[in-house]
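Student: Could you show me how to read strands and sheets in a model like this one?

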Amino acid sequence: MTALIKSYHIKKRDFIRAGEASINVQNLLKSLSFDSNLIRRVAICGYEGEMNVVMHGGDGLLSVEINSGKIVMVISDNGAGIEDIDLAMRKGFSTASDEYRKMGFGAGMGLPNMKKNADIFNIESEKGKGTEVRMIFSMRKEGG
Amino acid sequence: MDKDIPTSSYVDFDKDRCIACVHCVRSCPTKSIRIKGGKSVHLVDHCIGCGECIRVCPTGAVSAVTSKLASPEKEEISVALVSPVLFAQFPGIMPAEVLQGLKQMGFQHVVDMSYFLELFLCAAEEYIIRNRTTRKSPWPLISPVCPVVVRLIAFKFPSLLPNILPIIRPLALMVREVKQLIARQYGVKEKSVAQYYINPCPTMLAPSRTSIKQKRLYVGRALGINDVYAELNRQIEKIKSSDAPHFQKDLFDHGTTGSSLIWCLSGGEIANMNIEHALAVSGLKETITYLEKIEMGLFKNIEYIEFRTCPEGCLGGTLTAIDKYLAKSVVQKMIIKCGIKKRVSRKDMLQSYEEGWFLPETSTLRLERLFGEEKEPLSIDSLHKIEKILAMIKGKDCSACGAPDCKTFAEDVVRGKASLNDCLVIRARGKRVTPETSD
């Protein structure tokens, strides 16, 4: 059985459509009857990732690969990149501008939250070139 | 493949009146309606009773399942349970007159919901405040009051079931208490108390359909506000024209207050709640959008969200008699006239709270069993097929096939419930296809 691959574009500073890719992935997984908590974990990571791209990244891409055994989600962008990944992964650390903070973002919980919700979490970034977050979720399919 | 044809517990479809226009098909949030053979409407899946199809049907082919008003049987004690939305239907008329009108229609007792709404509110507040330390439930808690929201969550957002506030709904509380009190008063069995809930939406059931998957219901009968409106109006005219209207005292004369009338409006539930971080959302589309967002982890800083799937709240229900904006202005005026007073205090209800008096009548597990998605899950292979069909149709969601959109149609085809040749676009291209040729 071949995996199902879906990709969605994420546009820089497009707050209105941000979250749409995650909702699409969410609905896709629902039609496959994945465990609802797994779907929720994927949705949370997708949304946090999308917001990161919208705020800090340039334009980006969210793609999912759905296998019967696992879900791989890759969120990549060609934005500013992260200088110090260890620092970025720290809870509460954020480089969000005042403008974003006024909108209620920039609590510095995005990346840590993604790491918490994914089973495998991997982040690579180069300053000035972009960032790629790769997450794997394993499936605990419930009967029926 | 079809086990049995599903019927809705909440709406009836009149196939003779149906003109196959697909309005209802497109409005259904669970995508459960199809037009079959270009002719008439069919329910293919779960109905959650939101009433959107009733709202959009141009010919009146879709109607709510309510018990029509029959003269009560002799050995029964008939009780009218009144949603505050009923008061919003009569401009310039005070609640007491509306209740008296119902009595003149033949109900032995008339109970206004306001007292139970206050009880619920108190218990809800208590749970939310305790949850700050116990953390038994995840934030944000979701109001259990609108039954459509609860069913929608069970059907589409099961991961949010633990967010539903575990407090008994005001209606269920009222039904339980009134039944017990009347049975005791008359020394009869609870069975002989016939309760008619007069409500603005089709979410309650007719007696002939009281079991959805064996769910036992508290309310025996439900009447739409529009079922009683004409007769009630006549009775109120009578009261108005008589010089000295005679108001009988009733067992449950708590008196209607502004704090219960405000429940008709979106935001009315949280208005009197002593919770700072609370939101009110109304309308079906908005509700779905917000539930999607909560599922993505948003609104964790909000403690309570009141959802109403009807626009503007309960007075936008599909079974109301007058326009919702008119009703809104009636309510706003009446709230000011009646004044906001609280009759239930935390002290009054604390003991019953500890005794479990306010525990919900249905557990979340049961809710999921009752209203959860029943369709066979698709396989990844079927998803591939769906993608292929979609690529072939390149459709514009025209619904001419009788499905709400191309994606649902493609899913129907893969599930063997529709034929690709039902698609207008494919037919127009003049090539008949079978699903196999698409592989």
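Tutor: Let's look at one strand in chain B, then a sheet in chain A.

Tutor: First, this model is predicted: local features need pLDDT of at least 70, side-chain atom pairs count only at pLDDT 80 or more, and totals for chains, interfaces and linings use all residues. Residues are numbered from 1 along each chain as its sequence is written, while chains are lettered from A and ligands numbered from 1 in the order in which they are written.

Student: Which way do the residues of β11(B) point?

Tutor: In a regular strand the side chains alternate between the two faces of the sheet. Here Tyr304(B), Glu306(B) and Arg308(B) point one way and Ile305(B) and Phe307(B) the other way. All are buried, meaning 20 or more other C-beta atoms, placed from the backbone, lie within 10 Å of a residue's own. Strands are DSSP runs of E, at least two residues, numbered from the N terminus; helices are runs of H or I, at least four.

Student: Which strands pair with β11(B)?

Tutor: Pairing takes at least two DSSP bridges. β10(B) pairs with β11(B) in the parallel sense over five bridges, and β7(B) does so over two. In the β10(B) pairing, Val281(B) stands opposite Phe307(B).

Student: And in chain A, what is the strand order of the open sheet?

Tutor: The order is β1-β2-β3-β5-β4, with antiparallel pairing. β1(A) and β4(A) stand at the edges with a single partner strand each, so one side of each is left without a neighbour in the sheet. For β1(A), the partner β2(A) is joined over seven bridges, including Tyr8(A) with Leu62(A).

Terms used. A residue is buried if 20 or more other C-beta atoms lie within 10 Å of its own, exposed if 12 or fewer, and partly exposed in between; C-beta atoms are placed from the backbone.
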